[in-house]
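Me: I've got a model open and want to know why its contacts get the labels they do. Can you walk me through the reasoning?

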Amino acid sequence: MLFFEIVGAYYGAFFIWQLVTGIMNMLSGKILGGMKFHSIRFLNFKIGESQGRLTLSKDRVCFLPQFKILHTPESMADKRRRTVALSAGAFSGFTVYGMFCLLVYRLAAGTEFFRMFILGAIIVFAFGLYQFLIMIFSGLGNSTQAVMQRKNEQILSFMMEGTHPAQLGDWLAEEVELSGAGLAEKNKYIQFQYFSALEMGDEERVSQLIHKMEEALPQNVPDFLGGICGELIFYYSYLEKDLSKAERYKNQAPSMIENDMDLNGRRVYAYYLYGKEADTDKILEVIAEGLAVAQEYPMPGNIPMETKLLQYLRDLL
């Protein structure tokens, strides 16, 4: 019985924290006007907003509630507005969660459940505060990383609102070299440029950007660069037709192939199979899997490009 009390107390602490901060972020975003609701995931259900309407769909199992809030490009442009937008929900979440802990104290003080819950709450508070401070201070200042991070946040906000990469020409005009400080943010920016060139069908620019990312790719690819491996697999499977390189990057990031079931992952896998001259029925199956989940892709601005590439490959078969 004690085991279930301990598990229940710890899970309860994290569950309530996720629920409270998620709701307070939504309310703060509505009041400040710098954020808007995107989706809620819990268990294997996802409630999302698409074209102003709420949708209910099945998703991967999620044991803690996950709220996704979109920041508007305007709220990310100004450092002061950015700080207010990011901190309002977190501070209000801390306050409401603290009040809930006081309620638990009133109802269950002295019990094993209370002791475990408070221990869980302390861990949650510490973890939440750490993440909040990282989130706030990582984008402040005028360092290369901070400047690139703010710019990437604005670009991502546009794309999350449905703007196509090809429509972001002025935002993606800067030439960035993958050296020095802020490599993670520089890679992200160049990936946005790559998606823009890919959507426009500019193969020369795609080749230039893909080789720039490839040259800076470390031998042991970290998780945050896994997406680049996926695009290298796509590029060498289809555009440059170098299957040995496609296989090399597949081995470096295998999760980008068999296990990535979203729209982008299915596109990469389908073109990989096409480059290998795999069975047509298998390629058509992967294309169908990608198109079936197209509207669930978390970056709406990329959906038209991704679906167009899948449909183009289907027509080639």
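Me: How many aromatic pairs does a search of the whole structure find?

Reply: Nine aromatic pairs turn up in the whole structure. Keep in mind that this is a predicted model.

Me: What makes Y236 and Y249 a stacked pair?

Reply: Their ring centres are 6.3 Å apart, and the cut-off for pairing is 6.5 Å, so they count as a pair. The planes are at 15°; stacked needs under 30 degrees, so the label fits. In the chain, Y236 belongs to helix 8 (residues 226-239) and Y249 to helix 9, with their positions 13 residues apart in the numbering.

Me: Are those two buried or exposed, and how do you know?

Reply: Buried means under 20% relative accessible area. Y236 comes out at 0%, so it is buried. Y249 has 2%, so it is buried too.

Me: Why are Y238 and Y271 called edge-to-face?

Reply: With the planes at 65°, the pair passes the mark of over 60 degrees, so edge-to-face it is. The centres are 4.9 Å apart, within the 6.5 Å limit, so the rings do pair. Y238 sits in helix 8 and Y271 in helix 10, so this contact ties together parts 33 residues apart in sequence. Both Y238 and Y271 are buried.

Me: Which residues do ring pairs link into a cluster with them?

Reply: The cluster takes in F234, Y238, Y271 and Y274.

Me: What makes you say that a charge sits over the ring of Y238 or F234?

Reply: For Y238, the charged end of K241 is 5.1 Å from the ring centre. For F234, the charged end of R267 is 4.6 Å from the centre. The distance limit is 6 Å, so both pass on that count. There's an angle criterion as well, and each charged end is listed as sitting over its ring.

Me: On to the charges: how many salt bridges are there, and why does E174 with K151 qualify?

Reply: The structure has ten salt bridges. E174 and K151 have an N to O distance of 3.1 Å, and the cut-off is 4 Å, so the pair qualifies. K151 is in helix 5, while E174 is in the loop between helix 5 (144-160) and helix 6 (183-200), 23 residues apart. At 35% relative accessibility E174 lies between the 20% and 50% marks, so "partly exposed" is the right term.

Me: And how do you know that K245 and E214 form one?

Reply: Here N to O is 3.4 Å, within 4 Å, so this is a salt bridge as well. K245 lies in helix 9 (residues 243-252) and E214 in helix 7 (residues 203-215), 31 residues apart. The partners get separate labels: K245 is partly exposed at 23%, whereas E214 is buried at 12%.

Me: What about K276 and E247: why does that pair still count?

Reply: The N to O distance is given as 4.0 Å, and the limit is within 4 Å, so the pair is listed as a salt bridge right at the cut-off. K276 is in the loop between helix 10 (263-275) and helix 11 (280-292) and E247 is in helix 9, so the contact joins parts 29 residues apart in sequence. K276, at 44%, is partly exposed, and E247, at 26%, is partly exposed.

Me: Which residues do salt bridges with shared partners join into one network?

Reply: That network is made of E175, R205 and K212.

Definitions and conventions: Residues are numbered from 1 along each chain as its sequence is written. This is a predicted model: local features need pLDDT of at least 70, side-chain atom pairs count only at pLDDT 80 or more; totals for chains, interfaces and linings use all residues. Side-chain values use heavy atoms; hydrogens and water are left out. A salt bridge is a side-chain nitrogen of Lys or Arg within 4 Å of a carboxyl oxygen of Asp or Glu. Helices (H or I, at least four residues) and strands (E, at least two) are DSSP runs, numbered from the N terminus. Buried means under 20% relative accessible area, exposed over 50%, partly exposed in between (1.4 Å probe, protein chains only). Rings of Phe, Tyr and Trp (its six-membered ring) pair if their centres lie within 6.5 Å; planes under 30 degrees apart count as stacked, over 60 as edge-to-face and the rest as tilted. A charge sits over a ring if NZ of Lys or CZ of Arg is within 6 Å of the ring centre and within 35 degrees of the ring normal.
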